[in-house]
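Colleague: I would like to go through this model feature by feature. Please take one element at a time and show me how to read it.

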Amino acid sequence: MTAPFGKFFLPGPTEVLPEVAQAQAQPMIGHRGAKTEALLGRLEQPLKDAFRTANPVYIAATSATGLMEAAIRNGVRKKVLCLVNGDFSGRFAKIAAACGKEVVREEIPLGQAFEAAQVRELLEKSGADAVTLAHSETSAGVLNPVGEIAPVVQARPDVMLLVDAVTSLAGSPVETDKWGLDFVLTGSQKALALPPGLALGVASPRLLERAKTLPDRGIYLDLIPYDENIRKKQTPYTPALSLIYALEAQMNRIAAEGGIERRWARHNAMRERVERWVAKEAGAKLGLSYLPREGRRSWTVSCLRLPEGGKLTGPQVAKAMDAKHGYTIGAGYGKLKEATIRIGHMGDHTVAEVEKLLGALEEVLKSA
Ligand SMILES: *Cc1c(COP(=O)(O)O)cnc(C)c1O
(Lines give C-alpha, C1' and ligand atoms only; values in the text may rest on other atoms or scores of the structure.)
Protein backbone atom coordinates (compact mmCIF):
# COMPACT_ATOMS: atom_id res chain seq x y z
CA MET A 1 0.00 0.00 0.00
CA THR A 2 2.78 2.46 0.83
CA ALA A 3 5.41 3.45 -1.72
CA PRO A 4 9.03 3.26 -0.50
CA PHE A 5 10.15 6.44 1.29
CA GLY A 6 12.15 8.97 -0.71
CA LYS A 7 10.00 9.71 -3.75
CA PHE A 8 7.78 12.55 -2.54
CA PHE A 9 9.47 15.96 -2.80
CA LEU A 10 6.58 18.37 -2.77
CA PRO A 11 7.33 21.59 -0.88
CA GLY A 12 4.49 20.71 1.47
CA PRO A 13 2.88 18.53 2.50
CA THR A 14 6.12 16.60 2.82
CA GLU A 15 6.73 12.87 3.02
CA VAL A 16 5.89 11.33 6.41
CA LEU A 17 7.95 8.41 7.69
CA PRO A 18 5.87 5.29 8.46
CA GLU A 19 6.94 5.25 12.12
CA VAL A 20 5.79 8.86 12.53
CA ALA A 21 2.49 8.20 10.76
CA GLN A 22 1.93 5.09 12.87
CA ALA A 23 2.34 7.00 16.12
CA GLN A 24 -1.04 8.57 15.35
CA ALA A 25 -2.77 5.25 15.93
CA GLN A 26 -2.32 5.41 19.72
CA PRO A 27 -5.57 5.34 21.71
CA MET A 28 -7.46 8.47 22.68
CA ILE A 29 -6.95 9.97 26.15
CA GLY A 30 -8.97 12.54 28.05
CA HIS A 31 -7.78 15.93 26.93
CA ARG A 32 -8.17 17.44 30.41
CA GLY A 33 -6.53 14.51 32.15
CA ALA A 34 -3.12 13.67 33.53
CA LYS A 35 -2.10 11.75 30.41
CA THR A 36 -2.51 14.75 28.14
CA GLU A 37 -0.67 16.92 30.64
CA ALA A 38 2.17 14.40 30.67
CA LEU A 39 2.22 14.30 26.85
CA LEU A 40 2.34 18.09 26.57
CA GLY A 41 4.91 18.13 29.36
CA ARG A 42 7.18 15.75 27.42
CA LEU A 43 6.92 18.02 24.38
CA GLU A 44 7.70 21.25 26.24
CA GLN A 45 11.49 21.26 26.12
CA PRO A 46 11.93 19.64 22.69
CA LEU A 47 9.62 22.25 21.14
CA LYS A 48 11.42 25.10 22.90
CA ASP A 49 14.69 23.68 21.57
CA ALA A 50 13.30 23.52 18.03
CA PHE A 51 12.19 27.18 18.21
CA ARG A 52 15.30 28.25 20.19
CA THR A 53 13.19 29.97 22.80
CA ALA A 54 12.60 30.02 26.52
CA ASN A 55 8.95 30.96 25.96
CA PRO A 56 6.19 28.35 25.66
CA VAL A 57 5.36 26.89 22.24
CA TYR A 58 1.66 26.95 21.42
CA ILE A 59 0.10 23.94 19.70
CA ALA A 60 -3.00 24.80 17.69
CA ALA A 61 -5.34 22.55 15.72
CA THR A 62 -5.26 24.58 12.52
CA SER A 63 -3.13 24.73 9.41
CA ALA A 64 -0.38 27.34 9.46
CA THR A 65 -2.65 30.02 8.02
CA GLY A 66 -4.63 29.97 11.28
CA LEU A 67 -1.59 31.15 13.21
CA MET A 68 -0.81 33.72 10.50
CA GLU A 69 -4.21 35.18 11.29
CA ALA A 70 -3.44 34.92 15.00
CA ALA A 71 -0.24 36.91 14.41
CA ILE A 72 -2.26 39.71 12.80
CA ARG A 73 -5.12 39.73 15.31
CA ASN A 74 -2.82 39.66 18.34
CA GLY A 75 0.15 41.60 16.99
CA VAL A 76 -1.06 44.50 14.85
CA ARG A 77 -2.55 47.54 16.54
CA LYS A 78 -3.52 49.65 13.56
CA LYS A 79 -1.11 49.58 10.66
CA VAL A 80 1.09 46.78 9.35
CA LEU A 81 3.96 46.78 6.88
CA CYS A 82 3.68 43.58 4.82
CA LEU A 83 6.89 42.58 3.04
CA VAL A 84 5.75 40.61 0.00
CA ASN A 85 8.02 38.54 -2.25
CA GLY A 86 5.69 35.70 -3.11
CA ASP A 87 2.30 34.18 -2.50
CA PHE A 88 2.71 33.20 1.15
CA SER A 89 4.05 36.56 2.31
CA GLY A 90 1.24 38.06 0.21
CA ARG A 91 -1.24 36.03 2.23
CA PHE A 92 -0.25 37.99 5.35
CA ALA A 93 -1.32 41.21 3.60
CA LYS A 94 -4.67 39.69 2.59
CA ILE A 95 -5.34 38.44 6.11
CA ALA A 96 -4.44 41.81 7.63
CA ALA A 97 -6.82 43.62 5.28
CA ALA A 98 -9.58 41.09 6.03
CA CYS A 99 -9.02 41.68 9.75
CA GLY A 100 -9.59 45.41 9.26
CA LYS A 101 -5.96 46.51 9.66
CA GLU A 102 -4.41 49.25 7.59
CA VAL A 103 -1.96 47.53 5.22
CA VAL A 104 1.20 48.96 3.67
CA ARG A 105 2.03 46.31 1.09
CA GLU A 106 5.62 46.41 -0.20
CA GLU A 107 6.19 44.04 -3.04
CA ILE A 108 9.51 43.17 -4.68
CA PRO A 109 10.09 40.93 -7.74
CA LEU A 110 9.73 37.17 -7.27
CA GLY A 111 13.05 35.56 -6.44
CA GLN A 112 14.40 38.58 -4.57
CA ALA A 113 14.85 38.85 -0.80
CA PHE A 114 14.24 41.83 1.48
CA GLU A 115 17.43 43.32 2.93
CA ALA A 116 17.87 44.98 6.31
CA ALA A 117 18.65 48.49 5.02
CA GLN A 118 15.62 48.42 2.76
CA VAL A 119 13.38 47.35 5.63
CA ARG A 120 14.75 50.19 7.78
CA GLU A 121 13.67 52.72 5.13
CA LEU A 122 10.31 51.10 4.56
CA LEU A 123 9.61 51.11 8.29
CA GLU A 124 10.48 54.78 8.64
CA LYS A 125 8.21 55.71 5.75
CA SER A 126 5.30 53.51 6.73
CA GLY A 127 4.77 54.38 10.38
CA ALA A 128 3.56 50.81 10.87
CA ASP A 129 3.31 49.22 14.32
CA ALA A 130 4.08 45.71 13.00
CA VAL A 131 5.94 44.01 10.13
CA THR A 132 5.13 40.69 8.48
CA LEU A 133 7.31 38.50 6.28
CA ALA A 134 7.85 34.91 5.25
CA HIS A 135 11.31 33.77 6.37
CA SER A 136 11.45 31.12 3.65
CA GLU A 137 9.09 32.19 0.83
CA THR A 138 8.12 28.76 -0.46
CA SER A 139 6.62 29.97 -3.73
CA ALA A 140 9.95 31.38 -4.94
CA GLY A 141 12.46 29.41 -2.83
CA VAL A 142 13.80 32.61 -1.23
CA LEU A 143 15.27 32.87 2.25
CA ASN A 144 14.91 36.36 3.70
CA PRO A 145 17.75 37.28 6.10
CA VAL A 146 15.53 37.52 9.18
CA GLY A 147 18.54 37.51 11.51
CA GLU A 148 19.69 40.77 9.85
CA ILE A 149 16.23 42.31 9.50
CA ALA A 150 15.20 41.69 13.12
CA PRO A 151 17.60 44.24 14.74
CA VAL A 152 16.29 46.92 12.36
CA VAL A 153 12.74 46.26 13.54
CA GLN A 154 13.84 46.07 17.17
CA ALA A 155 15.53 49.46 16.89
CA ARG A 156 12.07 51.00 16.56
CA PRO A 157 10.19 50.91 19.83
CA ASP A 158 6.77 49.36 19.69
CA VAL A 159 7.04 47.64 16.29
CA MET A 160 6.25 43.92 16.31
CA LEU A 161 8.04 41.47 14.01
CA LEU A 162 5.68 38.71 12.85
CA VAL A 163 7.40 35.85 11.04
CA ASP A 164 6.03 33.01 8.95
CA ALA A 165 8.68 30.32 9.47
CA VAL A 166 6.59 27.58 7.88
CA THR A 167 9.36 26.26 5.60
CA SER A 168 12.33 27.43 7.63
CA LEU A 169 11.64 26.11 11.13
CA ALA A 170 13.25 22.70 11.66
CA GLY A 171 14.94 23.01 8.25
CA SER A 172 17.25 26.01 8.70
CA PRO A 173 18.26 28.25 11.62
CA VAL A 174 15.41 30.09 13.32
CA GLU A 175 16.63 31.85 16.48
CA THR A 176 13.41 33.06 18.05
CA ASP A 177 14.90 34.59 21.21
CA LYS A 178 18.32 35.65 19.94
CA TRP A 179 16.82 37.45 16.94
CA GLY A 180 13.93 38.82 18.99
CA LEU A 181 10.97 37.59 16.95
CA ASP A 182 7.64 38.74 18.40
CA PHE A 183 5.63 36.00 16.80
CA VAL A 184 6.94 33.06 14.83
CA LEU A 185 4.89 30.20 13.46
CA THR A 186 5.09 26.99 11.49
CA GLY A 187 2.81 24.21 10.28
CA SER A 188 3.19 20.49 10.83
CA GLN A 189 3.38 19.46 7.17
CA LYS A 190 6.57 21.21 6.07
CA ALA A 191 10.07 20.76 7.50
CA LEU A 192 8.69 18.98 10.56
CA ALA A 193 7.42 16.29 8.16
CA LEU A 194 4.20 15.48 9.99
CA PRO A 195 0.76 15.12 8.46
CA PRO A 196 -1.01 18.47 7.95
CA GLY A 197 -3.32 19.94 10.59
CA LEU A 198 -1.20 21.35 13.40
CA ALA A 199 0.35 24.77 13.73
CA LEU A 200 3.00 25.75 16.28
CA GLY A 201 3.86 29.26 17.37
CA VAL A 202 5.76 31.34 19.93
CA ALA A 203 4.91 34.86 21.14
CA SER A 204 7.25 37.31 22.85
CA PRO A 205 6.16 38.76 26.21
CA ARG A 206 5.74 42.20 24.61
CA LEU A 207 3.46 40.79 21.92
CA LEU A 208 1.25 39.27 24.62
CA GLU A 209 1.16 42.65 26.38
CA ARG A 210 0.02 44.30 23.19
CA ALA A 211 -2.52 41.54 22.47
CA LYS A 212 -4.25 42.25 25.79
CA THR A 213 -4.94 45.80 24.59
CA LEU A 214 -6.47 44.76 21.24
CA PRO A 215 -10.23 44.27 21.18
CA ASP A 216 -10.56 42.23 17.93
CA ARG A 217 -8.65 39.08 18.81
CA GLY A 218 -11.71 36.89 18.26
CA ILE A 219 -12.01 33.60 20.12
CA TYR A 220 -10.26 30.69 18.44
CA LEU A 221 -7.14 32.66 17.51
CA ASP A 222 -6.84 34.70 20.68
CA LEU A 223 -3.33 33.87 21.86
CA ILE A 224 -3.91 34.73 25.52
CA PRO A 225 -5.80 31.48 26.29
CA TYR A 226 -3.15 29.49 24.37
CA ASP A 227 -0.50 31.08 26.54
CA GLU A 228 -2.33 30.62 29.83
CA ASN A 229 -3.21 26.99 29.08
CA ILE A 230 0.14 25.76 27.78
CA ARG A 231 1.77 27.00 30.97
CA LYS A 232 -0.50 24.47 32.75
CA LYS A 233 0.32 21.82 30.10
CA GLN A 234 -3.12 22.19 28.56
CA THR A 235 -4.66 23.58 25.39
CA PRO A 236 -7.68 25.92 25.35
CA TYR A 237 -9.71 23.64 23.05
CA THR A 238 -9.58 19.91 22.29
CA PRO A 239 -6.10 19.26 20.92
CA ALA A 240 -5.54 17.22 17.74
CA LEU A 241 -4.26 14.34 19.85
CA SER A 242 -3.32 12.00 17.00
CA LEU A 243 -1.16 14.65 15.38
CA ILE A 244 0.42 15.42 18.74
CA TYR A 245 1.34 11.74 19.09
CA ALA A 246 3.07 12.02 15.72
CA LEU A 247 4.75 15.23 16.87
CA GLU A 248 6.15 13.43 19.90
CA ALA A 249 7.50 10.63 17.68
CA GLN A 250 9.11 13.23 15.43
CA MET A 251 10.65 15.15 18.34
CA ASN A 252 12.17 11.87 19.53
CA ARG A 253 13.61 11.27 16.06
CA ILE A 254 15.07 14.79 15.96
CA ALA A 255 16.79 14.11 19.30
CA ALA A 256 18.07 10.79 17.96
CA GLU A 257 19.51 12.55 14.89
CA GLY A 258 21.55 14.70 17.28
CA GLY A 259 19.28 17.70 17.78
CA ILE A 260 17.87 20.53 15.72
CA GLU A 261 21.28 21.77 14.51
CA ARG A 262 21.98 18.41 12.91
CA ARG A 263 18.61 18.60 11.19
CA TRP A 264 19.48 22.07 9.87
CA ALA A 265 22.85 20.77 8.63
CA ARG A 266 21.18 17.91 6.74
CA HIS A 267 18.89 20.39 5.00
CA ASN A 268 21.84 22.62 4.16
CA ALA A 269 23.63 19.63 2.64
CA MET A 270 20.58 18.84 0.47
CA ARG A 271 20.46 22.47 -0.69
CA GLU A 272 24.18 22.41 -1.50
CA ARG A 273 23.76 19.20 -3.48
CA VAL A 274 21.14 20.83 -5.71
CA GLU A 275 23.27 23.98 -6.00
CA ARG A 276 26.27 22.01 -7.21
CA TRP A 277 24.12 20.14 -9.73
CA VAL A 278 22.74 23.41 -11.10
CA ALA A 279 26.09 25.25 -11.10
CA LYS A 280 28.49 22.60 -12.32
CA GLU A 281 26.83 19.34 -13.30
CA ALA A 282 23.93 18.17 -15.48
CA GLY A 283 21.67 21.01 -14.35
CA ALA A 284 24.12 23.53 -15.84
CA LYS A 285 24.39 21.63 -19.14
CA LEU A 286 20.61 21.43 -19.37
CA GLY A 287 20.28 25.19 -18.85
CA LEU A 288 18.66 25.26 -15.42
CA SER A 289 19.29 28.15 -13.05
CA TYR A 290 18.17 29.29 -9.60
CA LEU A 291 15.48 31.89 -9.29
CA PRO A 292 17.00 33.45 -6.10
CA ARG A 293 20.60 34.56 -5.94
CA GLU A 294 23.27 32.71 -4.00
CA GLY A 295 23.02 33.31 -0.26
CA ARG A 296 19.30 33.96 -0.43
CA ARG A 297 18.17 30.44 -1.24
CA SER A 298 15.88 28.49 1.03
CA TRP A 299 17.42 25.42 2.63
CA THR A 300 14.21 23.44 2.24
CA VAL A 301 12.95 24.25 -1.26
CA SER A 302 14.93 24.85 -4.43
CA CYS A 303 13.09 26.94 -7.02
CA LEU A 304 14.76 26.34 -10.40
CA ARG A 305 14.12 28.24 -13.60
CA LEU A 306 13.67 25.97 -16.62
CA PRO A 307 15.77 26.74 -19.72
CA GLU A 308 14.56 29.67 -21.83
CA GLY A 309 12.80 28.35 -24.90
CA GLY A 310 12.88 24.82 -23.47
CA LYS A 311 10.25 22.28 -24.45
CA LEU A 312 8.76 21.55 -21.04
CA THR A 313 6.84 23.75 -18.62
CA GLY A 314 6.94 23.34 -14.83
CA PRO A 315 3.74 21.24 -14.72
CA GLN A 316 4.99 19.07 -17.62
CA VAL A 317 8.30 18.36 -15.87
CA ALA A 318 6.45 17.47 -12.66
CA LYS A 319 4.11 15.18 -14.60
CA ALA A 320 6.97 13.40 -16.40
CA MET A 321 8.89 12.93 -13.14
CA ASP A 322 5.89 11.08 -11.78
CA ALA A 323 4.99 9.11 -14.91
CA LYS A 324 8.54 7.99 -15.75
CA HIS A 325 10.23 7.76 -12.36
CA GLY A 326 7.55 7.82 -9.66
CA TYR A 327 8.76 11.11 -8.18
CA THR A 328 6.53 13.92 -6.96
CA ILE A 329 8.04 17.40 -7.22
CA GLY A 330 6.40 20.81 -7.30
CA ALA A 331 5.68 22.79 -10.44
CA GLY A 332 6.13 26.53 -10.06
CA TYR A 333 3.69 28.40 -7.84
CA GLY A 334 1.35 31.16 -8.94
CA LYS A 335 2.91 33.35 -11.62
CA LEU A 336 5.98 31.09 -11.69
CA LYS A 337 3.95 27.96 -12.43
CA GLU A 338 5.17 27.40 -16.00
CA ALA A 339 8.66 28.87 -15.77
CA THR A 340 9.99 27.05 -12.71
CA ILE A 341 9.98 23.78 -10.80
CA ARG A 342 10.32 23.42 -7.04
CA ILE A 343 12.08 20.57 -5.27
CA GLY A 344 10.96 20.35 -1.65
CA HIS A 345 13.98 18.69 -0.04
CA MET A 346 12.68 19.03 3.48
CA GLY A 347 11.69 16.94 6.44
CA ASP A 348 13.27 13.52 6.60
CA HIS A 349 14.87 13.34 3.16
CA THR A 350 18.60 12.77 2.71
CA VAL A 351 21.33 13.85 0.29
CA ALA A 352 21.39 10.29 -1.12
CA GLU A 353 17.70 10.56 -2.03
CA VAL A 354 18.22 14.03 -3.56
CA GLU A 355 21.05 12.53 -5.63
CA LYS A 356 18.71 9.93 -7.12
CA LEU A 357 16.02 12.52 -7.76
CA LEU A 358 18.49 14.69 -9.68
CA GLY A 359 19.40 11.69 -11.83
CA ALA A 360 15.74 11.21 -12.72
CA LEU A 361 15.35 14.93 -13.41
CA GLU A 362 18.32 14.82 -15.78
CA GLU A 363 16.71 11.99 -17.75
CA VAL A 364 13.38 13.77 -17.97
CA LEU A 365 14.93 17.01 -19.20
CA LYS A 366 17.28 15.26 -21.64
CA SER A 367 14.53 13.26 -23.26
CA ALA A 368 12.31 16.31 -23.79
C1 LIG B 1 2.59 26.10 3.22
C2 LIG B 1 2.85 27.49 3.67
C3 LIG B 1 1.86 28.25 4.32
C4 LIG B 1 0.44 27.83 4.46
O5 LIG B 1 0.28 26.78 5.26
P6 LIG B 1 -1.15 26.07 5.49
O7 LIG B 1 -0.71 25.02 6.42
O8 LIG B 1 -1.61 25.60 4.16
O9 LIG B 1 -2.06 27.03 6.09
C10 LIG B 1 2.20 29.51 4.76
N11 LIG B 1 3.43 30.01 4.59
C12 LIG B 1 4.39 29.33 3.95
C13 LIG B 1 5.74 29.96 3.77
C14 LIG B 1 4.13 28.04 3.48
O15 LIG B 1 5.10 27.35 2.84
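Colleague: What covers the buried residues of H9?

Modeller: This is a predicted model. The cover over the buried residues of H9 includes strand E2, helix H3 (64-75), strand E9 (183-187) and helix H8 (205-213).

Colleague: How many residues of helix H9 are buried?

Modeller: A residue counts as buried when its relative accessible area is under 20%. Helix H9 spans residues 223-230, and 6 of its 8 residues are buried, so the helix is largely enclosed by the rest of the structure. The buried residues in H9 are Leu 223, Ile 224, Tyr 226, Asp 227, Asn 229 and Ile 230.

Colleague: Which residue caps the N-terminal end of H9?

Modeller: Asp 222 does, with a side-chain oxygen 3.0 Å from the backbone nitrogen of Ile 224.

Colleague: H8 was part of the cover. At what angle do H8 and H9 pack?

Modeller: Two packed helices are described by the angle between their axes and the distance between those axes. For H8 and H9 the angle is about 130°, and the axes are 9 Å apart. That makes H8 oblique to H9. On the H8 side the contact is made by Leu 207, Leu 208, Ala 211 and Lys 212, and on the H9 side by Leu 223, Ile 224 and Asp 227. By residue class, the contact of H8 with H9 has 5 nonpolar, no polar and 2 charged residues.

Colleague: Now the sheet. In what order do the strands come?

Modeller: The order is E2-E10-E9-E8-E5-E3-E4, which gives an open sheet of 7 strands with mixed pairing. E2 and strand E4 (102-107) stand at the edges; each has a single partner strand, so one side of each is left without a neighbour in the sheet. On average, neighbouring strands of this sheet are turned by 20° against each other, direction ignored.

Colleague: Which strands does E5 pair with, and how do they run?

Modeller: Strand E5 (residues 130-134) is joined by 3 bridges to strand E3 (residues 79-84), and these two run parallel. Within that pair, Val 80 has Ala 130 of E5 as its bridge partner. E5 is also joined to E8, by 5 bridges, and this pair runs parallel as well. Here Val 131 stands opposite Leu 161 in E8.

Colleague: Is E5 buried or exposed?

Modeller: 5 of the 5 residues of E5 are buried, so the strand is largely enclosed by the rest of the structure. Both faces are covered: Ala 130, Thr 132 and Ala 134 are buried on one side, and Val 131 and Leu 133 on the other.

Colleague: Which strands do H6 and H8 lie across?

Modeller: H6 lies across E5 and E8, and runs at about 160° to E8. H8 lies across E2, E5, E8, E9 and strand E10 (199-203), running at about 105° to E8.

Colleague: Let us turn to the loops. Where is Ser 168, and what does it touch?

Modeller: Ser 168 is in the loop between E8 and helix H7 (176-179). At 0% relative accessibility, Ser 168 counts as buried. Leaving aside residues up to four places away in sequence, Ser 168 touches His 135, Ser 136 and Val 174.

Colleague: Which residues other than glycine have a positive phi?

Modeller: Arg 52 is one of them, with phi near 55°. Arg 52 sits in the loop between helix H2 (34-51) and strand E2 (58-60), and at 24% relative accessibility Arg 52 counts as partly exposed. Asp 158 is another case, with phi near 75°. The loop holding Asp 158 runs between helix H6 (146-154) and strand E8 (160-164). At 36% relative accessibility, Asp 158 also counts as partly exposed.

Colleague: One more backbone feature. What is the omega of the peptide bond from Gly 12 to Pro 13?

Modeller: Omega is near -10°, and the bond is cis. Pro 13 lies in the loop between strand E1 (8-9) and helix H1 (18-22).

Conventions:
Residues numbered from 1 in each chain as written. Predicted model: local features only at pLDDT ≥ 70, side-chain atom pairs only at ≥ 80, totals over all residues. Heavy atoms only, no water. Helix = DSSP H or I, 4+ residues; strand = E, 2+ residues; numbered from the N terminus. Buried < 20%, exposed > 50% of the residue type's maximum accessible area, 1.4 Å probe, protein only. Contact = heavy atoms within 4.5 Å. Polar contact = N/O pair within 3.5 Å; in protein donor to acceptor, adjacent residues only side chain to side chain. Axes fitted to C-alpha atoms, helices over the stretch in contact; angles between N-to-C directions. Parallel < 35°, antiparallel > 145°, perpendicular 65-115°, else oblique. Nonpolar A, V, L, I, M, F, W, Y, C, P; charged D, E, K, R; others polar. Pairing = 2+ DSSP bridges.
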